[in-house]
Amino acid sequence: MEKKDKMSGETSSVIIVEASAGSGKTYTLAKRYIYLLLNPQNDSEIIPIRSILAITFTNKATVEMKERILELLKKIALGIFFSAEEEKDILSGMEKKYAKNKAIFIVGQIIGHYNFFQVQTIDSFINTLLLGSALSINRSSSFQIKRDYVNQLDYCLDLVIDEAVTDKKIFNL
């Protein structure tokens, strides 16, 4: 899905990659992240990592994604590729010297502003969103999200079972 921001004229997009385990999702997403970072159309002194968010399902995938992105940036910055095919695949048509200089700049930005390097689990993203919107949803800024949800699910199931006694639709469901 791609959307044009009317105010700034910038294009924003959401890219969803669905595939089975071991099919190269992390590599594909890391390459896309690198492309967004190094894209010559984004050539400015603005920190590009601040405007990119990658969401995964597990903490392990988050760590793997960050490692892969940093590994690809290192390859580009040092000009060390396993093969000409790998170089072509990673650079995606960008000029090598430009990509190298930009990769060196981006690595410096990541080191200096690691908090802007946003690769998160969907849970941590939602928690950040909720905490950032606390006042808008009439919550204290110090409210905490319960992580032990099993008790809440058990309670909700009990309520549904109680309702099923008097509500035929719920009973049939």
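Is Glu64 buried, partly exposed or exposed, and what is its relative accessibility? I looked this up first. Glu64 counts as partly exposed, at 32% relative accessibility. I keep in mind that the model is predicted.

**Entry: the Glu64 pair**

I then looked for the partner of Glu64. Arg68 forms a salt bridge with Glu64, and their closest N and O atoms are 3.8 Å apart. The cut-off is 4 Å, so the pair counts. I placed both residues in helix 2, which covers residues 59–78. They sit four residues apart, about one turn of the helix. Arg68 is partly exposed too, with a relative accessible area of 23%.

**Entry: the other salt bridges**

I counted the salt bridges. The total is four. I noted three of them, including the Arg68 and Glu64 pair.

Lys31 pairs with Asp89, and here the closest N and O atoms are 2.7 Å apart. I checked where the two ends lie. Lys31 is in helix 1 (residues 25–38) and Asp89 is in helix 3 (residues 84–91), so this salt bridge ties together parts that are 58 residues apart in sequence. Asp89 counts as partly exposed, at 30% relative accessibility.

Glu86 pairs with Lys75, with 2.5 Å between the closest N and O atoms. Glu86 lies in helix 3 and Lys75 in helix 2, so the pair ties together parts eleven residues apart in sequence. I looked up the cover on both ends. Glu86 counts as buried at 14% relative accessibility. Lys75 is buried as well, with a relative accessible area of 11%. Both values fall under the 20% limit, so both residues take the buried label.

**Entry: a lysine without a partner**

Which side chain of opposite charge is nearest to Lys66, and how far away is it? I found Glu67, at 11 Å. Lys66 is buried yet has no salt bridge. A salt bridge needs a nitrogen and a carboxyl oxygen within 4 Å, so a distance of that kind does not qualify. Lys66 belongs to helix 2. I listed its contacts, leaving out residues up to four places away in sequence. Lys66 touches Tyr114, Phe117 and Val119.

**Entry: the nonpolar patch**

I turned to the surface. One nonpolar patch measures about 700 Å². Its members are Leu53, Ile55, Phe57, Ile122, Ile126, Leu129, Leu130 and Ile137. Which element gives the most to this patch? Helix 5, residues 122–132, does so with four residues. I picked Ile126 for a closer look. Ile126 lies in helix 5. Ile126 is partly exposed, with a relative accessible area of 37%. Patch members need over 30%, so Ile126 clears that limit.

**Entry: the whole chain**

I closed with the overall numbers. The protein has seven helices and four strands. From the N terminus on, I read the order as β-β-α-β-α-α-α-β-α-α-α. Of the 173 residues, 24% are buried. The accessible surface comes to about 12900 Å². Carbon and sulfur atoms hold 57% of that surface. I also checked the contacts between residues at least 6 apart in sequence. Of these, 62% join residues at least 24 apart.

Conventions: Residues numbered from 1 in each chain as written. Predicted model: local features only at pLDDT ≥ 70, side-chain atom pairs only at ≥ 80, totals over all residues. Heavy atoms only, no water. Patch = residues over 30% accessible without salt bridge, like charges linked within 9 Å, V, L, I, M, F, W, Y side chains within 5 Å. Areas by Shrake-Rupley, 256 points an atom, 1.4 Å probe, with all protein chains shown as cover. Helix = DSSP H or I, 4+ residues; strand = E, 2+ residues; numbered from the N terminus. Buried < 20%, exposed > 50% of the residue type's maximum accessible area, 1.4 Å probe, protein only. Lys, Arg positive; Asp, Glu negative; His and termini not counted. Contact = heavy atoms within 4.5 Å.
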